[in-house]
Amino acid sequence: MSTFMNPIGLQPLRKRGRWERWWTEISILFRIQFAIVRDSWAWVILMATLYPLTTLLFMRFYTVNPTDEMVVQIIAGNLVFGIIVMGMNGLGQEIALQKHQDHFTFYASLPISKNNFVLANMLRGLMNTLPSFLILGSLGQWMYGVQLHYSPGLPVVVILSLTSVVGIGILLGFWSPTFQFTNMLCQALMMIISFLSPVMVSIDQLPVPLQWISYVLPTTYAADAMRSILTVGWSKGVMLDCAVMLVFSMISLIVVNRLVSWRINK
């Protein structure tokens, strides 16, 4: 952070080329986010793992003779649930807290773009959810005695699942009228998106109105891509899901950059 605050460091940043400046901004903002995660890594792992692990255990004890397809659906759904917990819920609350504690005043004084701030927070979301992803994937295989299919395309699915979901949390944090309201809204949306959309269940198990609503939620495509990549590997269906999640991610960046202000009174 001191590099940004140093006037000597700021002047050359303005004179650098576009891509060099972009890389400098991202690297500095990423180090800020990394420092936050490093100081609270134990709490991050606990919160990112606790809710989906509890759901995974509940389904293990109360699901009688599940098929392999159902097992993969349960594991994939809980992997996406971990992304929702930290990517949407946790990050949305954190950004709202920064907004109402006037942290944005500091960021607004720096020669950085909101898009780079959003990208840095997406990288933070990846750091927050990756431990949960690894822990839940390993425990899910062990508890259900199933062998998941690990495809080279899995990292692509994980990253796009994260960026498409994190965008919702970042928008909620920037928009936040009050921290208390955003906290309640994030908690409610986390439950609605996780249990009333095709995350834990397949889309055909939902009522028709919820099926139509689910098509506008990025978690629908994240869960579908996760299930497919863990069973059959990279396929046309996974590519289509990834393309849709990429569109959600780009929309989040555009909306944040054009419609959301650093200022708390807007």
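In the predicted model, the buried residues of helix 9 pack against three other helices: helix 5 (68–100), helix 8 (154–175) and helix 11 (218–231). The buried set in helix 9 consists of Thr182, Cys186, Met190, Ile193 and Ser194. These residues lie on the same side of helix 9, because the arc they cover around the axis is only 90°. Gln180 and Met184, on the other side of helix 9, are exposed. Within the buried set, Cys186 has a relative accessibility of 0%, and is therefore classed as buried under the 20% limit.

The length of helix 9 was compared with the expected value. The helix comprises 17 residues (residues 179–195), which at 1.5 Å a residue should span 24 Å. The C-alpha atoms at its ends are 24 Å apart, in agreement with that expectation.

The loop between helix 9 and helix 10 (208–214) contains Ser197. Despite the loop position, Ser197 is buried, its relative accessible area being 0%. When neighbours within four places in sequence are left aside, the contacts of Ser197 are Ile192, Leu206, Leu217 and Thr219.

A second loop serine, Ser151, is located between helix 7 (114–144) and helix 8. Its relative accessibility is 11%, so Ser151 also counts as buried, the limit being under 20%. With neighbours within four places in sequence again left aside, Ser151 is in contact with Ile229, Gly233 and Trp234. Helix 8 is also one of the helices against which the buried residues of helix 9 pack.

Cysteines and aromatic rings were examined next. No disulfide was found, the search of the whole structure returning 0. Cys242 has a relative accessibility of 6% and is therefore buried, and Cys186, at 0%, is likewise buried.

The structure contains 5 aromatic pairs. One of them is formed by Trp212 and Tyr215, with 6.0 Å from centre to centre and 65° between the planes. This pair is edge-to-face, because its angle of 65° falls in the class over 60 degrees. Trp212 counts as exposed, with a relative accessibility of 62%. Tyr215 is partly exposed, at a relative accessible area of 43%; this value falls between the limits of 20% for buried and 50% for exposed.

At the level of the whole protein, the secondary structure consists of 12 helices and 0 strands. The pattern along the sequence is accordingly α-α-α-α-α-α-α-α-α-α-α-α. The radius of gyration is 19 Å, close to the 18 Å given by the globule rule for 266 residues, so the protein is as compact as a globular protein of that length. The C-alpha trace spans about 65 × 35 × 35 Å along the principal axes.

Of the 266 residues in the protein, 48% are buried. Contacts between residues at least 6 apart in sequence were also sorted by separation, and 81% of them join residues at least 24 apart.

Conventions: Residues numbered from 1 in each chain as written. Predicted model: local features only at pLDDT ≥ 70, side-chain atom pairs only at ≥ 80, totals over all residues. Heavy atoms only, no water. Helix = DSSP H or I, 4+ residues; strand = E, 2+ residues; numbered from the N terminus. Expected span 1.5 Å × (residues − 1). Buried < 20%, exposed > 50% of the residue type's maximum accessible area, 1.4 Å probe, protein only. Arc of directions from axis to C-beta. Contact = heavy atoms within 4.5 Å. Disulfide = S-S within 2.5 Å. Phe/Tyr/Trp six-rings, centres within 6.5 Å; stacked < 30°, edge-to-face > 60°. Rg over C-alpha atoms; globule rule 2.2 N^0.38 Å.
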